[in-house]
Amino acid sequence: MSSFRELLVPGMGEVGRGQRGRALEAAVRAAIRDGRLTQGARLPSTRDLAGQLGLSRGTVSAVYAQLVAEGYLRAKHGSGTTVAATPVGSESVAPPPVAVVPRWRYDLRPGVPALSAFPRSEWQAATRAGLATLTDDDLGYPDPAGLPALRTELAAYLGRVRAVEAADVVVTHGVAESQSLMAQVLRGQGHRTIAVEDPTHPGSVEALTAHGLRPVPVPVDEDGMRVDLLPRTGCRAVLVTSAHQFPLGVVLSPQRRRALVSWARERDGYVLEDDYDAEHRYDRPAVGTTQVLDRDRVVYLGSVSKVLAPAIRLGWMVVPAALRDRVVDHKRLSDLGCSPMPQAALAHLLRSGGYDRHLRRSRQLYRRRRDALLSSVASELPDWQPHGVAAGLHLVLRLPAGTDDKALQEELARRGINAPALSGYALSTSPFPGLVVGYAALSVDRLRAAVTEIASVSAL
């Protein structure tokens with residue numbers, strides 16, 4: 001059986017004695033998967049293999065038992081141990097097709113943070129610390145409203161940094177799910193339409209439409225949504241990004257915030273306030289929320305996607321008391337609640353100050369990148385004007401009148417540059433030709449290089 005030992009030893013590698021059982025298990029599994037151990041092949045007895053590898057017979061027996069349980073091996077009394085007739089992971093089963101994601105030379109799409117700056121070590125430590133706080137009961141099916149510890153930390157954090165009255169926090173998988181849950185609740189109350197900013201995020205339109213609400217566009221100008229036009233829509237609900245309108249980057253003025261709340265009160269309606277990019281303001285403190293004007297009429301939405309990473313899939317809603325039970329019930333029926341483990345990690349990160357520390361670092365990083373982008377545009381594309389306040393992870397570059405921004409987007413894409421056209425976010429007519437440029441995910445040097453290439457294309 002020396003050939004069998006030679007077959008396994010390369011897969012086991014140089015490991016410590018206490019780890020050799022796990023290494024043997026992995027080596028046999030790998031040999032079956034890649035065909036080095038074929039179907040029906042007979043394995044050495046536990047005594048024989050233990051002697052070959054210098055392991056205890058009990059260790060080899062445990063490895064065989066585990067692989068039998070997984071379906072890799074078959075053990076029959078009196079006939080020894082053989083490779084199963086249908087090994088798990090057989091290459092005869094074709095994997096499902098994988099969607100091809102374009103690999104851009106310069107990816108300037110908006111809404112993507114600096115994923116390379118994600119605080120991996122802090123998140124890892126927070127995951128360990130958070131797991132240690134979970135009781136056995138916490139590992140069962142979760143509270144659909146969210147882990148109580150995280151809701152407590154979020155309420156304190158939102159009250160401290162955004163002055164949000166957060167007595168009724170519901171934890172979600174992000175703003176997209178929050179919008180979907182609210183669409184279901186509103187639909188159940190008889191709503192069939194909802195007013196949205198124009199231009200707006202196409203994902204919001206898609207989510208609202210999928211859950212039975214027809215978005216009605218309302219124009220945006222330098223002071224945010226044209227609230228005076230809301231009565232014409234016939235809607236009793238509205239979705240706004242008041243702190244940093246997406247994509248134009250303007251701020252809803254105080255006068256319009258008050259008018260918005262008055263409109264909701266008069267029509268027994270609701271305002272869905274997506275606090276988009278509110279954490280990242282570079283020229284002054286972020287403006288307050290609309291929610292503080294009327295917690296009974298404004299549903300406050302937020303997430304960690306722009307501060308930490310979209311992959312964490314955690315967000316929150318601060319829900320009026322009259323809607324909370326309905327929201328939580330829809331959340332329960334949707335997915336039984338978010339996993340307690342990442343919730344516990346986020347709670348620890350908030351409690352320990354790690355979230356605030358990372359936010360301070362990322363603000364400085366994004367401001368440098370934004371400044372570099374603006375400097376390069378001013379130098380190489382002086383006719384292109386930035387639009388919106390100094391905030392967020394993107395800006396709009398207003399192109400010269402008459403420019404076909406969609407055609408420019410397509411030409412840039414052919415050069416490997418992903419820079420979406422503003423017209424792609426408009427539900428009716430785009431306010432002006434422009435590009436919606438994200439700067440958070442690229443280094444200063446790469447941003448400058450991207451602008452140089454964009455300038456060469458625009459000059460053609």
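## Around Lys331

Setting aside residues up to four places away in sequence, Lys331 touches Pro144, Val171, Thr172, His173, Glu177, Leu181, Leu336, Gly337 and Cys338 (contact: heavy atoms within 4.5 Å). This is a predicted model, where local features need pLDDT of at least 70 and side-chain atom pairs count only at pLDDT 80 or more, while totals for chains, interfaces and linings use all residues. Residues are numbered from 1 along each chain as its sequence is written, and side-chain values use heavy atoms, with hydrogens and water left out.

You will find Lys331 in helix 11 (residues 321-335) (helices, H or I of at least four residues, and strands, E of at least two, are DSSP runs numbered from the N terminus). With a relative accessibility of 0%, Lys331 counts as buried (buried is under 20% relative accessible area, exposed over 50%, partly exposed in between; 1.4 Å probe, protein chains only). One of its neighbours, His173, also offers a polar partner: the two side chains make a polar contact at 3.4 Å (N or O atoms within 3.5 Å, one able to donate a hydrogen and the other to accept it, with sequence-adjacent residues counted only through side-chain atoms on both sides). Another neighbour, Cys338, is buried as well, at 2% relative accessible area.

## The eight-stranded sheet

Let's turn to the sheets. Strands of a sheet pair through backbone hydrogen bonds, in either the parallel or the antiparallel sense. Here, 8 strands make an open sheet with mixed pairing, in the order 4-11-10-9-8-5-6-7 (two strands pair if DSSP finds at least two bridges between them). Its edges are strand 4 and strand 7 (224-225), each pairing on one side only. Strand 9 (residues 270-274) runs parallel to strand 10 (residues 298-303), with 4 bridges between them; Leu272 has Val299 of strand 10 as its bridge partner.

Two helices pack on this sheet. Helix 8 (residues 202-210) touches strand 5 (193-198), strand 6 (214-221) and strand 8 (237-240), and its direction makes about 150° with that of strand 6 (axes are lines fitted to C-alpha atoms, for helices over the stretch in contact; angles run from 0 to 180 degrees between N-to-C directions). Helix 10 (residues 254-266) touches strands 6, 7, 8, 9 and 10, at about 140° to the direction of strand 9.

## Strand 11, covered on both faces

Strand 11 has antiparallel partners on its two sides. It pairs with strand 4 over 4 bridges, and Thr172 has Gly315 as its bridge partner in strand 11. It also pairs with strand 10 over 4 bridges, again in the antiparallel sense, and there Tyr300 is matched with Val318. Both faces of strand 11 are covered, with Gly315 and Met317 buried on one side and Trp316 and Val318 buried on the other.

## The nonpolar cores

The largest nonpolar core holds 31 residues, of which Leu308, Leu346 and Tyr355 touch the most other members (a core is a set of buried Ala, Val, Leu, Ile, Met, Phe, Trp, Tyr and Cys residues joined through side-chain atoms within 4.5 Å). Two or more residues each come from helix 5 (120-133), helix 6 (148-162), strand 4 (169-172), strand 11 (315-318), helix 12 (340-352) and helix 13 (354-380). Helix 12 gives the most, with 6 residues. A second, separate core has 30 residues, including Tyr106, Leu373, Ile454 and Val457.

Back in the largest core, Leu308 shows who its neighbours are: beyond four places in sequence, it touches Pro113, Phe118, Pro119, Trp123, Leu346, Leu349, Tyr355 and His358.

## The three-stranded sheet and Val436

A further open sheet is formed by 3 antiparallel strands in the order 12-13-15. Strand 12 (385-387) and strand 15 are its edges, each pairing on one side only. Direction ignored, neighbouring strands here are turned by 35° against each other on average. Strand 12 and strand 13 (residues 394-398) are joined by 3 bridges, and His387 has Val396 as its bridge partner in strand 13. Helix 13 packs on this sheet, touching strands 12, 13 and 15, with a direction about 10° from that of strand 13.

Within strand 15 (residues 434-438) sits Val436, which is buried at 0% relative accessible area. Leaving aside neighbours within four places in sequence, Val436 is in contact with Leu108, Pro110, Pro247, His394, Leu395, Val396, Pro420, Leu422 and Tyr425. Asn418, 18 residues away from Val436 in sequence, is 9.9 Å away in space, C-alpha to C-alpha.

## A look at helix 2

Ala30 belongs to helix 2 (residues 20-33) and is partly exposed, at 33% relative accessibility. Between Ala30 and Val271 there are 56 Å in space, C-alpha to C-alpha, and the two are 241 residues apart in sequence.
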